[in-house]
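User: Could you take a close look at one helix in this protein for me and then work outward to the rest of the fold? I'm at the bench, so plain talk is fine.

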Amino acid sequence: MATPNKVNVPDILDLTIDNITPNTIRINSQSGDRRLTYLMERLVTHIHDFARETRVSTDEWMAALNFLMRCGQISTDVRHEFILLSDVLGLSMLVDNINHPKPPNTTEGSVLGPFHTHDAPTLEHGANMSSDPKGQPLLCICRIKDTNGKPVEGVKIDIWETDSSGHYDVQHADRGEPTERCVMVSDADGNFWFKCILPVSYPIPHDGPVGQLLEKLKRHPWRPAHLHFMFEKKGWDHLITSLYMRGDPYETSDAVFGVKQSLIVEPQKIDSATAKEYSVPEESWILRQDFVLTTNKETEDLRDQLAREALEKQGLRLKLVDHLPVPDVD
């Protein structure tokens, strides 16, 4: 950390409601990192304007600080309360939409959620990732394509869901081996298929500060039934998405704003021939789904285009550096 006598800090004296914002911005503008300077300038501007606009009280300010403290205190390696907070405020979906815009007819993104792990087993195609005997069996037959309809081979796919009680494996105190989650890799035809259970709706963890906030706002904590997917391959845009079951009672009121019309699917009862072909019970459900990925370049070009249009609409004099806006002072 720099010592005070070696840092050229602007003088800050006689601060008032009116001049504290520009003074704070000035003292935060010494890093030499244009992006960091811009982020801090906008953050301070908006936070200070919020305080002035709402005339926030000292009690409210302290309540907010204590709320954030409790979010940190309840967080663990398998529970990230700040992700939940970002989710229920709609910020997670907003950030994803900004950073991973999708051309028409490609697979849209959705929220990551707080329960992805890095210990899921890598399974062969056709394997069962669920150990829950109470769940309704579901066969998923999937294909990955590019924007020209060609198969994409060698994509790493993370898949995870809750058990039939609506809990992820990490929510069980006696968790052993990972279950209701796996990793697969697409074959030469872009295919992957697996067995799991029909997803069920469930509440996000609401025994902590985020749940208390939802209760005060008279909002429910429920998410519609869904399967999580994450797609990774070098040169391709990192896609985090979910498939939502049509007709779920929370389809139009997802607590974390993750549902999009293009991601709503409708599993069907499997026919006898397909059940026999894939060695699944005849009472199983089946879901067939194509995922369309975009290359890094396709996404970056669209992201830059949308960023320039948004900046122009706001009348901001900025330029893009590494696809991120910074003040255009050259």
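Analyst: Let's start with what packs over helix 6. The cover on its buried residues includes helix 3 (58-74) and helix 4 (81-88). Keep in mind that this is a predicted model. Helix 6 itself runs over residues 209-216, and its buried residues are Pro209, Val210, Gly211 and Leu214. As a rule, an α-helix has 3.6 residues a turn, so residues three or four places apart point the same way. In helix 6, Gly211 and Leu214 are both on the buried list, as are Pro209 and Val210. After the helix comes Lys218, and this residue has a positive phi, near 60 degrees.

Moving along the chain, we get to strand 7 (226-232). Strand 7 pairs with strand 8 in the antiparallel sense, over six bridges. To find that pairing on screen, look for Leu227, which sits opposite Leu243 of strand 8. The two strands form a hairpin with six residues between them, and there Gly235 has a positive phi near 90 degrees.

So is strand 8 (residues 239-245) buried or exposed? Seven of its seven residues are buried, so the rest of the structure largely encloses it. In a regular strand, side chains alternate between the two faces of the sheet. Strand 8 shows two such sets: Leu239, Thr241, Leu243 and Met245 point one way, while Ile240, Ser242 and Tyr244 point the other way. Every one of those residues is buried, whichever way it points.

Besides strand 7, strand 8 has strand 9 for company: the two pair in the parallel sense, over two bridges. Here the place to look is Met245, which stands opposite Val265 in strand 9. Step back a little and you can see the whole open sheet, five strands in the order 3-2-7-8-9 with mixed pairing. The edges belong to strand 3 (181-185) and strand 9 (264-265); each has a single partner strand, so each has one side without a neighbour in the sheet.

Now back to the loop between strand 7 and strand 8, since Asp237 is there. Its side chain meets that of Lys102 in a salt bridge (2.8 Å, N to O). Lys102 belongs to the loop between helix 5 (91-99) and strand 1 (137-145), so this salt bridge ties together parts that are 135 residues apart in sequence. Both Lys102 and Asp237 are buried.

Strand 1 is worth a stop too. It is mostly covered, with seven of its nine residues buried. It pairs with strand 4 (residues 191-197) in the antiparallel sense over seven bridges, and Leu138 faces Cys196 of strand 4. Strand 1 also runs parallel to strand 11, and eight bridges join the two. One pair to pick out there is Ile144 and its bridge partner Phe291 in strand 11.

Side chains connect strand 1 and strand 11 as well. Arg143 and Asp290 meet in a salt bridge (2.7 Å, N to O). This pair links distant parts of the chain, with Arg143 in strand 1 and Asp290 in strand 11 (residues 285-292), 147 residues apart. Arg143 is partly exposed, with a relative accessible area of 34%, and Asp290 also counts as partly exposed, at 30%. Asp290 has another salt bridge, this time to Lys145 (3.5 Å, N to O). Lys145 is in strand 1 too, 145 residues from Asp290.

Elsewhere, Asp119, Asp169, Arg175 and Arg181 are linked in a network of salt bridges. Across the whole structure, the search finds 15 salt bridges.

And the wider view? The protein chain has eight helices and 13 strands, and its C-alpha trace spans about 80 × 45 × 35 Å along the principal axes. Of its 330 residues, 41% are buried. Among contacts with a separation of 6 or more, 69% are between residues 24 or more positions apart. The chain exposes about 18,800 Å², with carbon and sulfur atoms supplying 54% of that area. As for charge, the chain has 35 positive and 50 negative charges, and their mean positions are 3 Å apart.

Definitions and conventions: Residues are numbered from 1 along each chain as its sequence is written. This is a predicted model: local features need pLDDT of at least 70, side-chain atom pairs count only at pLDDT 80 or more; totals for chains, interfaces and linings use all residues. Side-chain values use heavy atoms; hydrogens and water are left out. Two strands pair if DSSP finds at least two bridges between them. Helices (H or I, at least four residues) and strands (E, at least two) are DSSP runs, numbered from the N terminus. Buried means under 20% relative accessible area, exposed over 50%, partly exposed in between (1.4 Å probe, protein chains only). Contact means heavy atoms within 4.5 Å. A salt bridge is a side-chain nitrogen of Lys or Arg within 4 Å of a carboxyl oxygen of Asp or Glu. Accessible areas come from the Shrake-Rupley method with a 1.4 Å probe; for residues, only the protein chains shown count as cover. Lys and Arg count as positive and Asp and Glu as negative; His and the chain ends are not counted. The place of a charge is taken as NZ of Lys, CZ of Arg, CG of Asp or CD of Glu.
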